[in-house]
Amino acid sequence: MVNHNCLLTVCLAIAAACPAVNAAESAPGDRSLPICQVFPPEAFFHNGKGGRVLDVTKPPFNAKGDGTTDDTKALCDAMQFVRDRCEMLAGPNYSYCGKKENHNWVIYLPDGTYLVSNTVDQGWPALAINILKGWSHVEFVHVESLQQETELNAGGRRGVYAEGNWSIRILGQSRQKTVIRLKDSAPGFGQGDEKAVLTFFLLATGSNVNLGNILENVTIDTGKGNPGAVGLRWNSSNWGGVRNVAIRSGDGDGRVGLMMDRRNATGYHHDLVIDGFDTGMELRGGGETVVALEYATFSHQRNTAIQVGNTAGGNCLSARKLLVTDAPVALRAGPSAQVILLDSQLKGATESDAALTVEPDGYLLARNIALSAYRAAVTKDGEAVLMGTRIEEYTSTAPVPLSPETKNAAALSQPVSAKDWPVVLPEQDVSKWANVDDFGAVGDGVADDTAAIQLAMNSGKPVVYLPKANYVINGTVNIPATVREVTCLFGSVHRSVATERDGPGLLRVAEASAEPLRIHQAITAGGVFLDHEADRTVVLEDVLVFFQHCRGYAAKENMVFPSPAAQNSAVWRLYRNSRPTGAPKEVFVNDCLFFGADDADGKLALENVRTWARMINNEHLPGAQFSFRRSNAWILGFKSENAETLFRAEDRSRLEVLGGSFLNWSPHKGPVIVSRDSSVSAVCFLWGWGVLAKTVVQTESNGVVTTLSDGQFPRLGKTAGTVLVLDGSGSTGSN
């Protein structure tokens with residue numbers, strides 16, 4: 001039976017002892033985070049006060065979670081509840097790339113064992129059609145069978161594109177006690193099948209606008225006698241993730257633990273346990289697929305722990321702090337795969353072959369890897385190229401240097417050291433959560449709630465939450481030192497009245513503190529989301545700044561938001577260091593959009609920050625997509641599209657880029673990367689439909705300009721692209 005009270009007592013004790021996990025550096029593998037996610041009553045939909053958290057054990061779903069009752073229908077009903085209330089922007093004057101931010105639900109699974117006998121999914125998907133007539137004429141049809149999808153796709157006659165976006169967020173109470181378990185010997189999960197227990201999409205074409213799909217704090221158990229089972233089939237473009245999740249097979253059998261095989265799979269995954277299966281994780285979605293993965297444990301796979309690529313198209317994995325045990329092959333980089341593996345430990349099974357395998361047309365950077373029980377450390381194109389029990393650094397393609405000092409370097413420079421982000425654990429005492437509605441906020445997306453939200457911030461409570469779907473901040477809300485966490489529960493907060501160009505942010509870190517501040521689960525538009533004024537470490541997670549190329553739709557009333565989003569700022573941004581003097585600010589960015597965005601004049605570069613970013617997405621900007629001045633920036637995975645310049649580093653900045661995807665489908669001259677008296681080391685995937693920028697890199701050091709053209713980097717045969725492996729460490733002074 002579902003039991004909230006027993007686990008709540010345990011979690012309260014843990015939280016009281018450790019409100020934030022701040023170890024200097026974690027060992028490789030899952031960290032077993034003591035997360036117990038609870039919410040105040042007003043956050044729940046069934047409470048009737050505008051909350052958007054859907055408790056699956058309450059009406060209209062009524063899951064039992066007792067390990068005996070079949071809860072398949074109840075869980076599917078919750079996903080379909082979200083689907084049926086999602087309003088896509090379609091038809092004249094609407095964009096396929098957006099939706100109305102009017103609900104943004106959270107599906108919540110209290111502790112319990114939810115027995116299922118079939119796939120848990122959202123039911124029929126919508127397929128976008130008529131895109132050949134232009135983005136403003138997109139229509140959607142319901143697709144109930146693979147045959148219908150095939151017929152619509154035949155010849156592209158109607159401009160069929162991809163699956164619609166429902167934005168599915170599933171949060172369990174705790175990974176240890178929130179379990180979705182497949183019945184033993186369930187029909188359809190037999191040998192030769194490939195059927196998922198939980199899936200976030202349906203169409204064979206997948207989707208590249210499937211924004212913000214998230215699964216957290218859950219165990220998926222594929223039971224016994226289900227050799228064709230896939231634990232989780234997940235995708236999400238631009239942002240999303242799988243976090244604090246265990247996927248296990250009851251008897252070791254199963255096809256794949258975590259499968260990401262449809263375009264696109266983009267997001268930040270961390271703290272995973274995958275036990276059993278033929279393959280632990282498959283990443284082969286193609287398109288703009290980029291996954292950052294940290295703190296994961298893979299064990300007892302029969303064939304391969306991690307498979308990346310094997311089809312045409314870009315598949316990018318940036319992984320760190322992995323622990324692999326008893327897998328014949330730890331990681332395989334297949335065709336058109338770009339793989340970064342850092343700071344990991346790989347322990348082979350009996351008679352294991354190579355720990356890391358690079359297939360033709362694949363790329364691998366491995367650094368600081370400990371190995372045991374493997375005959376070879378690395379094989380490439382079927383030949384052993386590296387032996388031993390430790391990899392200091394291996395690159396399957398030699399880095400391209402920018403200066404004489406690094407011309408013969410055997411390894412890439414490391415301008416910025418990696419650093420774990422501080423984990424701020426959920427507050428268990430719901431009396432310490434400040435509901436902005438209790439202080440007068442309306443939450444209708446029209447009324448200005450600035451003053452009410454400020455009162456909630458000033459309440460002295462450590463958590464401030466926004467339970468409804470839409471709030472407006474037309475002033476600036478100051479966050480005091482007493483607040484530890486701010487969450488919008490995937491709702492929106494936007495500015496509807498214009499201020500001066502590049503005016504003050506919606507939120508501001510107003511008071512210094514030694515305790516980190518976590519701001520997460522938000523959708524925003526109309527200016528700068530956060531001004532970092534006072535000296536305090538900030539963690540930004542799961543924040544969507546509405547897309548630059550769709551911002552005109554947000555200018556219209558009741559299209560994206562209930563009231564129009566202000567249009568005076570040239571670029572809507574996630575973050576700004578509003579006091580760049582003094583000591584540098586420290587900010588961690590996990591799975592967010594429009595961090596470091598710049599305008600055409602180059603005036604918006606982040607200045608004097610120390611940042612560690614895991615999976616960030618900027619695109620269609622008038623200036624550099626990611627721009628830094630007097631800063632140190634470490635980036636583990638990014639995605640960007642259609643722009644002239646990707647990265648800009650200037651004035652003694654240090655930038656390290658470890659994997660990502662940059663797509664252009666129209667001609668651009670470049671330069672893709674600009675470095676001025678700075679240090680840049682980068683590995684990323686540049687590709688396009690036959691279009692690459694002519695100038696890839698331009699550096700200026702002490703008045704001397706150096707350029708590199710596209711022809712100086714190796715092409716990938718399976719895709720119209722190249723892996724950029726750049727070592728520019730010699731082009732900077734100290735910072």
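A residue counts as buried when its relative accessible area is under 20%. The model in these exercises is predicted.

**Exercise 1. A covered helix**

Find how many residues of helix α4 are buried, and what they pack against.

Solution.
Step 1. Locate helix α4 at residues 450–457.
Step 2. Apply the cut-off for burial. Six of the eight residues pass, and the helix is mostly covered.
Step 3. Name them. They are Thr450, Ala452, Ile453, Gln454, Ala456 and Met457.
Step 4. Look at what surrounds them. These buried residues pack against β27 (433–435), β28 (444–448), β29 (463–465), β30 (470–472), β31 (477–479) and β32 (485–494).

**Exercise 2. A helix and its length**

Check the span of helix α2 against its number of residues, then describe its surroundings.

Solution.
Step 1. Helix α2 covers residues 72–84, which makes 13 residues.
Step 2. The expected span is 1.5 Å times one less than the number of residues. For α2 this gives 18 Å.
Step 3. Compare with the model. The end C-alpha atoms of α2 are 18 Å apart, so the two values agree.
Step 4. List the buried residues. In α2 they are Thr72, Ala74, Leu75, Cys76, Ala78, Met79, Phe81, Val82 and Arg83.
Step 5. Find their partners. The buried residues of α2 pack against six strands, namely β2 (53–55), β3 (66–70), β4 (106–109), β5 (112–116), β8 (169–172) and β10 (195–199).

**Exercise 3. The whole chain**

Decide why the protein can be called as compact as a globular protein of its length.

Solution.
Step 1. Begin with the elements. The protein has five helices and 50 strands.
Step 2. Take the radius of gyration. It is 24 Å, close to the 27 Å that the globule rule gives for 735 residues, so the protein is as compact as a globular protein of that length.
Step 3. Add the extents. The C-alpha trace spans about 65 × 65 × 60 Å along its principal axes.
Step 4. Add burial. Of the 735 residues, 65% count as buried.
Step 5. Turn to contacts. Among those with a separation of 6 or more, 70% come from residues 24 or more positions apart.
Step 6. Turn to the surface. The accessible surface is about 23300 Å², and carbon and sulfur atoms hold 50% of it.
Step 7. Finish with charge. There are 67 positive and 78 negative charges, and their mean positions are 2 Å apart.

**Exercise 4. Three residues and their contacts**

Say where Phe561, Lys321 and Asp531 lie. Then decide for each: buried or exposed?

Solution.
Step 1. Phe561 sits in the loop between α5 (551–554) and β37 (573–577). Its relative accessible area is 1%, so Phe561 is buried.
Step 2. Leave aside neighbours within four places in sequence. Phe561 is then in contact with Glu101, Asn470, Ser492, His494, Ile523, Ala525, Ala554 and Lys556.
Step 3. Compare sequence with space. Phe561 and Asn102 are 459 residues apart in sequence, yet 7.1 Å apart from C-alpha to C-alpha.
Step 4. Lys321 belongs to strand β19 (residues 315–327). Its relative accessibility is 5%, so Lys321 is buried.
Step 5. Not counting residues up to four places away, Lys321 touches several residues, including Glu25, Glu294, Asp343 and Asp420.
Step 6. Asp531 is part of strand β35 (residues 528–532). At 4% relative accessible area, Asp531 is buried.
Step 7. Apply that sequence limit again. The residues Asp531 touches include Leu507, Arg508 and Arg576.

**Exercise 5. Unusual backbone angles**

Identify which peptide bonds at Pro60 and Asn264 are cis, and give phi for Asn217 and Tyr295.

Solution.
Step 1. The bond from Pro59 to Pro60 is cis, with omega near 10 degrees. Pro60 is in the loop between β2 and β3.
Step 2. The bond joining Arg263 and Asn264 is cis too, with omega about -10 degrees. Asn264 lies in the loop between β14 (256–260) and β15 (266–275).
Step 3. Asn217 is not a glycine, but its phi is positive, about 60 degrees. It is in strand β11 (residues 211–221). Asn217 is buried, at 1% relative accessibility.
Step 4. Tyr295 is not a glycine either, and its phi is about 55 degrees. Tyr295 lies in strand β17 (residues 289–299). With 0% relative accessibility, Tyr295 is buried.
Step 5. Link back to Exercise 4. Tyr295 is one of the residues that Lys321 touches.

Methods:
Residues numbered from 1 in each chain as written. Predicted model: local features only at pLDDT ≥ 70, side-chain atom pairs only at ≥ 80, totals over all residues. Heavy atoms only, no water. Helix = DSSP H or I, 4+ residues; strand = E, 2+ residues; numbered from the N terminus. Buried < 20%, exposed > 50% of the residue type's maximum accessible area, 1.4 Å probe, protein only. Contact = heavy atoms within 4.5 Å. Rg over C-alpha atoms; globule rule 2.2 N^0.38 Å. Areas by Shrake-Rupley, 256 points an atom, 1.4 Å probe, with all protein chains shown as cover. Lys, Arg positive; Asp, Glu negative; His and termini not counted. Charge placed at Lys NZ, Arg CZ, Asp CG, Glu CD.
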